[in-house]
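Trainee: Before we discuss this structure, could you put it on the screen so that we can both look at it?

Mentor: Here it is, and I will take your questions one by one.

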Amino acid sequence: MQVGDFMLASNILLDGNNYGKISLLFQFMNMGVVSRNSFKVQQLYCVGAIKEFWQHKHNETIDQLKTKDTVVILAMENETKEILSIVTIDKRETQRSSCRMEKEGFIRMMDKLVTQVPLTEQQQPHLDIALTLLSAMISFAALTLRLGSTGCRGGRRTLATVVSGNKMSQLVRERLKEDLDKMRGQFAGFRPGLVVLQVGDRDDSNLYISMKLKAAAEIGINANHVRLPKTATEDEVLRSIAAVNENPEVHGLIVQLPLDSINSINTEKVTNAVAPEKDVDGLTSINAGKLSRGDLGDCFIPCTPNGCMKLISQTGTSVAGKNAVVIGRSKIVGAPMHDLLLWSHATVTTCHSKTTDLAAQVGRADILVVGAGKAEMVKGEWLKEGAVVIDCGINHIPDDSKASGTRVVGDVHYPSAKEKAGFITPVPGGVGPMTVAMLMENTVQSAKRFLKTYQPGKWNISYAKLKPQKPQPSDTAIAHSFTPKTIGRLAREVGLFSEEVELYGMTRAKVRLEVMNRLKAQPDGKYLVVTGITPTPLGEGKTTTTTLGLAQALGAHFHVNTFACVCQPSQGSNFGVKGGAVGGGYSQVFPMEEVSLHLTSDTQAVMAASSLVVDTINARVLSESTQSDKALFDGLVPLREGHRKFSLSQLNRLKRLGIEKPETLKPEEIYQFIRLDIDPETKTLSWSVASEMMAVLALSTSLGDMTRRLARMVVAYQPQGESHHNRGPEY
């Protein structure tokens with residue numbers, strides 16, 4: 001190979017030890033690939049020079065060059081000393097491949113592994129030479145570079161490549177920092193919120209929580225630790241969870257297990273109380289169910305299994321088609337790990353305490369994930385040659401050489417396993433750091449989902465669609481055709497917390513004034529005052545209807561946060577019904593009965609009913625004294641599409657008057673029908689009607705009996721002395 005116009009400089013990151021790169025150069029020179037006259041030792045580039053060059057050319061650092069698992073090959077032009085390309089390759093892949101692949105196969109694989117500086121068409125041949133030199137290096141890497149990882153002796157692997165969770169978790173954290181910077185660029189001052197809820201004061205829980213809080217602070221997540229005492233009851237824990245669920249500033253909630261309380265607490269109930277959209281631990285039944293059926297994009301994946309999948313991907317091993325074995329079936333690790341591997345197209349076997357011949361099951365595993373909670377249970381001789389081993393265990397065993405008297409080990413016997421595995425995670429420093437990193441990733445993901453629908457200062461409210469009908473039905477028909485959302489849901493949509501709302505049934509609530517303290521930093525809204533409008537001929541005003549209509553338009557159509565403030569219906573002289581509805585048509589308060597007829601006792605009901613009778617009489621006297629026969633008739637039986645429809649009670653009145661054909665009423669018959677000719681001096685007083693109604697209520701034996709008795713009450717007289725009975729609203 002003619003490379004007289006090139007020099008090769010290699011930099012192998014071995015804690016500053018130049019032995020490897022010098023040895024490699026001499027190997028190439030002995031092969032005759034590179035002329036001895038082409039090299040001078042002082043021309044070898046150090047790590048600092050490589051980083052300085054890269055940063056100058058690309059205006060960015062190359063943090064990947066810090067890893068000891070990278071081999072860097074520089075191809076440079078002999079005359080100008082200009083570096084034309086930097087070729088990097090994961091040395092673990094090169095060593096693994098050199099043990100079982102021919103050079104030609106490895107060169108084909110290199111096309112997928114090489115990261116290079118973009119080259120011009122003229123510079124491409126330089127890179128080709130660099131790749132050729134790199135392929136030659138592979139043949140001698142195991143013998144000459146002393147990289148301290150996988151070696152090949154007689155075609156057999158001696159040491160596994162260590163998969164570092166510390167390094168990968170740091171990369172995840174750096175990426176999350178960038179994500180948070182983008183969020184703040186979109187929404188100034190925004191920070192994802194995380195709450196860790198703890199019951200009791202266990203030392204191990206305190207340690208885990210401190211790690212989570214530290215990681216959150218490093219990334220920029222606003223994390224808070226809520227600690228309840230050991231005396232906390234289940235109800236108190238559930239109330240604390242409910243408060244966090246409703247807080248829009250919190251995007252992730254984890255309940256630290258175990259719950260260290262002197263009281264009996266159902267852990268499953270507490271776990272499932274966390275809102276699924278804030279369950280960044282992925283432990284609720286809803287998230288677990290979505291994971292089990294493959295809805296990976298619509299759930300939170302438990303942190304430890306998710307971290308394991310990231311570590312497996314770091315090895316470069318394709319999960320699809322592999323035999324995977326999971327030891328352990330816990331809800332936190334084993335079960336979700338099985339699901340993740342399954343939906344990544346592996347053939348998965350789950351082993352547990354009842355599994356027979358565990359060693360045989362392990363021996364078939366291309367990928368082994370162990371979360372059994374038993375120190376060094378899995379032996380190295382059980383493993384399949386070159387398997388990927390992910391150890392989730394954290395155990396303490398006696399060790400007199402340690403100051404604490406113990407040391408931390410995993411569920412896999414590490415010294416023997418690394419002799420046979422292809423890749424293995426250490427304990428500590430493997431799965432643990434990735435678990436915390438995945439918790440941070442889930443929290444940031446939850447915040448991203450929140451921001452998709454978040455509009456600063458806007459309610460996340462859903463409006464009912466208006467479906468007008470022709471002819472327009474009565475107010476009562478409109479009210480009964482619509483099922484309102486519950487008041488609790490409405491409160492959540494406008495940002496009220498459950499402790500700030502006192503519910504009265506499904507459609508009414510009082511708002512506690514304490515909410516003003518929470519919202520005092522919010523900017524004040526604006527008042528829009530609707531003044532009085534000339535009333536209709538029947539006497540009812542339209543102020544309320546206009547107010548409600550404006551609120552509907554501003555809210556549903558202009559998406560402005562809008563409240564309609566109307567006077568509370570009175571149970572006094574006007575009975576609070578104002579014609580039967582608060583508002584009118586499609587602009588009224590639902591449900592009608594709750595607004596106008598909410599009665600809390602028999603006495604209040606009787607007083608309200610007596611007021612209704614008296615108000616009806618007064619309104620009738622006023623109408624008959626101020627309106628013509630035609631106006632009264634049109635008001636009682638309006639003409640719609642050329643027809644008048646009489647109600648049942650109106651037909652009964654016509655029958656009592658001896659009028660048989662309501663469709664062809666004569667003027668004198670209309671007069672008889674619409675006018676009661678009540679003598680104002682004989683109107684019954686409200687207290688008198690109330691007294692008689694109370695007596696009827698006490699004597700009635702059924703609803704029908706009460707209706708008949710009330711209909712026979714005398715409430716007024718005509719000038720001729722004929723009595724009028726309380727028979728219906730047409731009077």
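Trainee: Does K177 count as buried, partly exposed or exposed?

Mentor: The class rests on relative accessible area, where buried means under 20%, exposed over 50% and partly exposed in between, with a 1.4 Å probe and protein chains only. K177 has a relative accessibility of 24%, so this lysine counts as partly exposed. The model is a predicted one, in which local features need pLDDT of at least 70 and side-chain atom pairs count only at pLDDT 80 or more, while totals for chains, interfaces and linings use all residues. Residues are numbered from 1 along each chain as its sequence is written, and side-chain values use heavy atoms, with hydrogens and water left out. On that basis, the class of K177 is partly exposed.

Trainee: Which residue meets K177 in a salt bridge at 3.9 Å, N to O?

Mentor: A salt bridge here is a side-chain nitrogen of Lys or Arg within 4 Å of a carboxyl oxygen of Asp or Glu. The partner of K177, at 3.9 Å from N to O, is E218. K177 lies in helix α6 (residues 165-186) and its partner in helix α7 (residues 203-219), so the pair ties together parts that are 41 residues apart in sequence; helices are DSSP runs of H or I with at least four residues, strands are runs of E with at least two, and both are numbered from the N terminus. At 32% relative accessibility the partner also counts as partly exposed, and the residue you asked for is E218.

Trainee: Which residues are linked with K177 and E218 in a network of salt bridges?

Mentor: The structure holds 24 salt bridges, and K177 and E218 belong to a network of them. The other members of that network are R173 and E174.

Trainee: How far apart in sequence are the parts tied together by D260 and K230?

Mentor: D260 forms a salt bridge with K230, and their closest N and O atoms are 3.9 Å apart. D260 lies in the loop between β9 (252-255) and α9 (267-273), whereas K230 lies in the loop between β8 (222-228) and α8 (234-246), so the parts that the pair ties together are separated in sequence by 30 residues.

Trainee: In the salt bridge of E493 and K485, is E493 buried or exposed?

Mentor: The side chains of E493 and K485 meet at 2.7 Å, N to O. K485, at 26% relative accessibility, counts as partly exposed. E493 has a relative accessibility of 12% and therefore counts as buried.

Trainee: What is the nearest side chain of opposite charge to D411?

Mentor: D411 sits in the loop between β15 (406-409) and α14 (414-417), and a polar atom of its side chain lies 2.8 Å from the backbone nitrogen of G373. For charge, Lys and Arg count as positive and Asp and Glu as negative, while His and the chain ends are not counted. D411 is buried yet has no salt bridge, and the nearest side chain of opposite charge, 9.9 Å away, is that of K374.

Trainee: How many of the twelve residues of α11 are buried?

Mentor: Helix α11 (residues 303-314) reaches 17 Å from its first C-alpha to its last. Its buried residues, among them C303, M309 and I312, pack against α6, α12 (334-343), β12 (367-370), β13 (388-391) and α15 (431-453), where contact means heavy atoms within 4.5 Å. The helix is mostly covered, and its count of buried residues is nine.

Note on methods
Polar contact = N/O pair within 3.5 Å; in protein donor to acceptor, adjacent residues only side chain to side chain. Expected span 1.5 Å × (residues − 1).
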